[in-house]
Structures are given as structure tokens and as C-alpha cells.
Amino acid sequence: MTEEQNLKIDWLNRAFCAEKKIRSLELVKEKNKALADKFGTEFSNENIDDIIQKLRQYRTEIFNAISALNDDELEAIMNLRYLTYMTMQQISDSLCYDRKTIQRKHKLALDKIEI
């Protein structure tokens, strides 16, 4: 992989990382509610909600960048990889292509995608 391709992969992987962080923040909100119920105090979740909203925007940005490829096959590969978090083998099984073909098309998509 080239340095530019690796930078694009990092950018695209933001959705995966954001989803993990959102799950953890949702748990913090649940804990805050449980503590508030137990001790009769309020914990503000406003900052948490703002962070979650920003993290959800990453998916939209990534989806839009992938959609701009204007190539159904490349879009399918990139959507499966970066929005459903499938492995290359899972993608190849799903699309009935050899894994090496998926990897080649993935690199082509990385070269074409604008971030």
C-alpha cells in the first residue's frame, strides 16, 4: 500500500472507531441515569450527545465519499469494508469474487476515492 492509500484507509476506518466510541458513550449515559436514579442527582449527558452526533456524521461523510466513486462494484466493496466492517474474505464470499480480486479492486477504489 502507498502512503496515500494508508491515509485513506485511516480516514475510512473512522466509522468503525466512531461506532465503538458511540457504544461506550451510550453505556456512560446509561450509567449516569442509573446513578441519578439511585442518588437522586442529575448527570448532564448534553456533552455526550454532542460527541455522539459528531461521531455519527463520520458515517455520512464516508458514505458520501464512497458514493462519489460512481462505480457500483467499487462502491459495494467499499461499503462492505468500511460501513459493515467485513473482512476481505467475507466480501469476496459475499460478492462471489476471489479474495485477490477484491483486494485489487479495493486498491483501485482507494486510488479513486476523494477524501
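## Contacts of Ile-66

Contact here means heavy atoms within 4.5 Å. In this predicted model, and with neighbours within four places in sequence set aside, Ile-66 is in contact with Leu-12, Glu-75, Met-78, Asn-79, Tyr-82, Leu-83 and Ile-113.

## Nonpolar cores

Ile-66 also belongs to the largest nonpolar core, which has 15 residues; the members that touch the most other members are Leu-12, Ile-62, Ile-66, Leu-69, Met-78, Tyr-82 and Ile-113. At least two residues of this core come from each of helix H1 (3–12), helix H3 (46–67), helix H4 (72–82) and helix H6 (99–112). Separate from it is a second core of 7 residues, and among them are Ala-18, Ile-52, Leu-55 and Tyr-58.

As background, nonpolar side chains in soluble globular proteins tend to be buried together.

## Packing of H3 against H4

Two packed helices are described by the angle between their axes and the distance between the axes. For H3 and H4, the axes come within 9 Å and cross at roughly 160 degrees. H3 is therefore roughly antiparallel to H4, because angles over 145 degrees count as roughly antiparallel.

The crossing in which H3 passes H4 is right-handed. On the H3 side the contact is made by Ile-62, Phe-63, Ile-66 and Ser-67, and on the H4 side by Glu-75, Met-78, Asn-79 and Tyr-82. Ile-62 and Ile-66 of H3, together with Met-78 and Tyr-82 of H4, thus appear both in this contact and among the residues of the largest core that touch the most other members.

## Partly exposed positions on H3

Helix H3 also holds Asp-50 and Gln-57. Asp-50 has a relative accessibility of 48% and so counts as partly exposed, and Gln-57, with a relative accessible area of 40%, is likewise partly exposed, because that class lies between the buried limit of 20% and the exposed limit of 50%.

Two C-alpha to C-alpha distances place these residues relative to other parts of the chain. Asp-50 and Arg-81 are 31 residues apart in sequence and 27 Å apart in space, whereas Gln-57 and Lys-21 are 36 residues apart in sequence and 13 Å apart in space.

## Cysteines

A disulfide is a covalent bond between the sulfur atoms of two cysteines. The structure holds 0 disulfides. As for accessibility, Cys-17 counts as partly exposed because its relative accessibility is 45%, while Cys-96, with a relative accessible area of 70%, is exposed.

Note on methods: Residues numbered from 1 in each chain as written. Predicted model: local features only at pLDDT ≥ 70, side-chain atom pairs only at ≥ 80, totals over all residues. Heavy atoms only, no water. Core = buried A, V, L, I, M, F, W, Y, C linked by side-chain atoms within 4.5 Å. Buried < 20%, exposed > 50% of the residue type's maximum accessible area, 1.4 Å probe, protein only. Helix = DSSP H or I, 4+ residues; strand = E, 2+ residues; numbered from the N terminus. Disulfide = S-S within 2.5 Å. Axes fitted to C-alpha atoms, helices over the stretch in contact; angles between N-to-C directions. Parallel < 35°, antiparallel > 145°, perpendicular 65-115°, else oblique. Left-handed = near helix turned anticlockwise from the far one by under 90°.
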